[in-house]
Every structure is written in C-alpha cells, then in structure tokens.
Amino acid sequence: MKYINYPHTSLYLEKLIEDRDFLDLREYAEANNVPIMNVETKEFIKTILISKKPKNILEIGSAIGYSALVFDKYTTADITTIELDKSTANKVCENFKKYNANIKIINDDAQKALNNINQGFDFVFIDANKAHYIDYFKKTAKLLNDGGIIIADNVLFKGMVLNDDYVDKRMITIVKRLRNYLAYVMDRNDFQTTIIPIGDGLTLSIKE
C-alpha cells in the first residue's frame, strides 16, 4: 500500500480514532472489497456536517450506502444519493431500510441524473467515477447554494497523483484526470478550495 502520509502517522490515527458508525457495513465492505470512506475521512466529514448543519445533501456514488448513512446520522438534512449500478443500488436500499433511513436514491448515470435535478444543495459529496470528477464538479457547482461545500474523495489516489514513480500503468488515465481535476478546482475563482491529505485525499471547496 502506498501512503499519502507517513505510515506511522496513519497507523497512529487509526488507533486513536474509535469508530462507532455502522461497523457491520465497514466489515462487509472490507470482506467484499467494496471501497467506502476511510475512518479518518469519515471523522473529518462528520465534523464538517455537525458544524455546517446542511439542509440538503447530494452524494454521487453510493457504494453500499455507508457514507449516506453517516450523513443521515449526523444531520437532519434531506439526502439524495446517485448510484449507477442496479445491484449496488438494491444493496443500498436494503441498508437504508435496515437503519430506517429516509434517503432518496437515484439509480442512473450521474451526469444524466444531475441534468434532471433542479433543487439547491448545501453539501455535495463526490465519490464515483474519478475520470469524471471535473464534470461532476461543474454540474454540482450550479446546484450548490452560496456558502455550500463540495467534497471530493480519493483525489490523491493512493499517492499516485503525487509522483509518477507511484503510478500503476493501468491507472495512467485516471491519474491524469485527477491531476486535471485538482488544477481545475484550485483555479476556480468562485470557490475557495483546499486539499486535505487524509485517507486517500480530499478536496474541500466552498462556494463564495
């Protein structure tokens, strides 16, 4: 595994943080190789949610519904999540039902779905096809209320984005797209963006 931070830093934080959220889903994800947000990332986003108190949340990429359930647990927001894969969406619905979470799921291609959404959002979480992060950002930026936040996960992609020496040849295109995404969001004058080097890397962009 390639680390964004020093290995001993990541290990220390893993031991320090006591994770109490949906442990059965995390165990399922680890056993079935399903990517969900890192515990450090979850704790960071939880803090943002508690302080920001968003009323409307949009997520792109549901995985097994873990992150949306975290949003539901720590806010009173109306939450919409978009998932392309049908079987994955069915699993998400099962998990929402299990935890009695009233979360709207859209089973469709994210870019198509975003074209049909008109409401404003206070918080957007992007964790889907990394090759389309710029497209997702452009579309969700138009839906974001002033002062709203867009967080994109996995933007440093196991350290590959940082240095060509780390790049798996099979991932060259994704790495290039993520580098383009980082340059794009950092250059937008209507957003204040910072890169957070925890987990697999986040961008936090606040609409001015």
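This is a short tour of aromatic pairs, lysines over rings, one buried isoleucine and a pocket. The model you have open is predicted.

**Stop 1: a pair of phenylalanines**

Start with the aromatic rings; the whole structure holds nine aromatic pairs. Select Phe 71 and Phe 123 and look at how the two rings meet. Their centres are 5.7 Å apart and their planes stand at 70 degrees, so this pair is edge-to-face. Now colour by secondary structure: Phe 71 belongs to helix H4 (residues 66–74) and Phe 123 to strand S4 (residues 121–126), so the pair ties together parts that lie 52 residues apart in sequence. Are these two rings buried or exposed? Phe 71 is buried, with a relative accessible area of 0%, and Phe 123 is also buried, with a value of 0%.

**Stop 2: a helix-to-helix pair and its cluster**

Next, select Phe 137 and Tyr 181. With ring centres 6.2 Å apart and planes at 65 degrees, they too form an edge-to-face pair. Phe 137 sits in helix H7 (residues 133–143) and Tyr 181 in helix H8 (residues 172–187), so the pair joins parts 44 residues apart in sequence. Both Phe 137 and Tyr 181 are buried. Keep them selected and add Tyr 133, Tyr 136, Tyr 184 and Phe 191: ring pairs link these residues with Phe 137 and Tyr 181 into a cluster.

**Stop 3: lysines over rings**

Show Phe 22 together with Lys 73. Lys 73 lies over the face of Phe 22, at 5.7 Å from the ring centre. Then move to Tyr 28, where Lys 91 lies over the ring face at 4.5 Å from the centre.

**Stop 4: Ile 48**

Select Ile 48, which you will find in helix H3 (residues 39–52). Its relative accessibility is 15%, so Ile 48 counts as buried, the cut-off being under 20%. What does Ile 48 touch, leaving aside residues up to four places away in sequence? Its contacts are Lys 53, Phe 123, Ile 149 and Leu 204. You have already met Phe 123, as the partner of Phe 71 in the edge-to-face pair. For a distance to try in your viewer, draw a line between the C-alpha atoms of Ile 48 and Tyr 74: they are 9.9 Å apart, with the residues separated by 26 places along the chain.

**Stop 5: a pocket**

Finish at the second largest pocket, which has about 210 Å³ of space. To find it, select Gly 61, Glu 83, Leu 84, Ala 128 and Asn 129, the closest to its centre of the 15 lining residues. By class, the lining has seven nonpolar, four polar and four charged residues.

Technical notes
Residues numbered from 1 in each chain as written. Predicted model: local features only at pLDDT ≥ 70, side-chain atom pairs only at ≥ 80, totals over all residues. Heavy atoms only, no water. Phe/Tyr/Trp six-rings, centres within 6.5 Å; stacked < 30°, edge-to-face > 60°. Helix = DSSP H or I, 4+ residues; strand = E, 2+ residues; numbered from the N terminus. Buried < 20%, exposed > 50% of the residue type's maximum accessible area, 1.4 Å probe, protein only. Lys NZ or Arg CZ within 6 Å of the ring centre and 35° of its normal. Contact = heavy atoms within 4.5 Å. 1 Å grid on protein atoms, 1.4 Å probe; cavity = no way out; pocket = protein on both sides within 12 Å on 5 of 7 lines; lining within 4 Å. Points joined across faces, edges and corners; volume = space filled by probe spheres on them. Nonpolar A, V, L, I, M, F, W, Y, C, P; charged D, E, K, R; others polar.
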